[in-house]
Amino acid sequence: METMSGLQGALGGILIGLAATLLMGSLGRIAGISGILSGLLFERGGNRPWRLAFVLGIVSGPGLLILTGLDWGNVSGDSGAVVGLPESGLAMMLVAGLLVGLGTGLGSGCTSGHGVCGVARLSPRSMAATLVFVLVAMLTVYLSRHMLGGSA
Amino acid sequence: MKILAGYLAGLLFGLGLAISGMTDPARVIGFLDVAGAWDSTLIFVLGGAVVTTFIGYRLVWRRQMPLFESRFQLPTRRDLDTRLLGGAALFGIGWGLSGYCPGPAVASLPEPSWPLAAFIMALLLGWWLARRLSPTH
């Protein structure tokens, strides 16, 4: 099962890389989700139509798999399911969402913008940001799961 | 054509997130949980995405300009500052607590749940606050 999930992960990663390449080749833009989505919501001007189309595309990818009954997902509890249910409670998700929004807003990117596109550009800022958010997230999971005994 | 290109890129991105399993917060937390039953899947996702993007970018940059715009828009800053690293640290805490980064959260919308809705509402509030705090916007 480990090999299978790794293969599916790599295949999904290649699709994400092709998406980033397509956006750069057609519109000359970095495929950073936090920048595209927050720009769509909070900026005026000519970038709105393609940003909206991009976000609709992201939602319709998994949506099409679900509608057509294609069990190509890689959900750990039910490999084949497309979307996994979050384990954390509402209060924890509110705190986490706020931190992710603030952090990616102030830090100008998230896993897609810094971790994929920025690292592929060999940008020092993106490589440093990616190192910091992965290590801090690992420390957070360690503290919350193994030190404080929480489920998430 | 710009709208079609944006949609197709988003579609590929969303398919990639779903097929790789990134729309499962448990799998993401399994990767972050290095002291537990470690799940290596995310290494393959990031590796596949970075290598493909690295090659793809260098191929498309051979052209003078993108197909439907007059220039490539790339960030030019190379310096590290507190805002970047502090923001990355805050994001890391939120990512570790929830198992969601923005892309997978949005891609999970076809199967909504209350915790996901709470995350996305707070995410939007966070982006709004970050823009209020940012001198460039």
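Trainee: How many residues of chain B are in contact with chain A?

Mentor: In this predicted model, 105 residues of chain B are in contact with 108 residues of chain A. The area buried between the two chains is about 9500 Å², and carbon and sulfur atoms give 75% of that area.

Trainee: Which residues of chain B lose the most area to chain A?

Mentor: They are B:Phe13, B:Ile19 and B:Trp127, together 8% of what that side buries.

Trainee: Why is A:Ser34 called buried?

Mentor: Buried means under 20% relative accessible area. A:Ser34 has 4%, so A:Ser34 is buried. A:Ser34 lies in helix H2 of chain A, and its contacts include B:Pro102 and B:Trp127.

Trainee: What makes A:Leu122 partly exposed?

Mentor: Partly exposed lies between the 20% limit for buried and the 50% limit for exposed. A:Leu122 has 45% relative accessibility, so A:Leu122 falls in between. A:Leu122 is found in the loop between helix H5 and helix H6 of chain A. A:Leu122 also helps to make a nonpolar surface patch of about 530 Å², to which helix H3 of chain B gives the largest share, 4 residues.

Trainee: How do you know that B:Arg131 forms a salt bridge with A:Glu43?

Mentor: A salt bridge needs a side-chain nitrogen of Lys or Arg within 4 Å of a carboxyl oxygen of Asp or Glu. The closest N and O atoms of B:Arg131 and A:Glu43 are 3.0 Å apart, so the pair counts as a salt bridge. The count between chain B and chain A is 3 salt bridges.

Notes:
Residues numbered from 1 in each chain as written. Chains lettered and ligands numbered in written order. Predicted model: local features only at pLDDT ≥ 70, side-chain atom pairs only at ≥ 80, totals over all residues. Heavy atoms only, no water. Patch = residues over 30% accessible without salt bridge, like charges linked within 9 Å, V, L, I, M, F, W, Y side chains within 5 Å. Areas by Shrake-Rupley, 256 points an atom, 1.4 Å probe, with all protein chains shown as cover. Helix = DSSP H or I, 4+ residues; strand = E, 2+ residues; numbered from the N terminus. Buried < 20%, exposed > 50% of the residue type's maximum accessible area, 1.4 Å probe, protein only. Contact = heavy atoms within 4.5 Å. Buried area = accessible area lost by both parts, 1.4 Å probe. Lists of a residue's contacts leave out its neighbours within four places in sequence.
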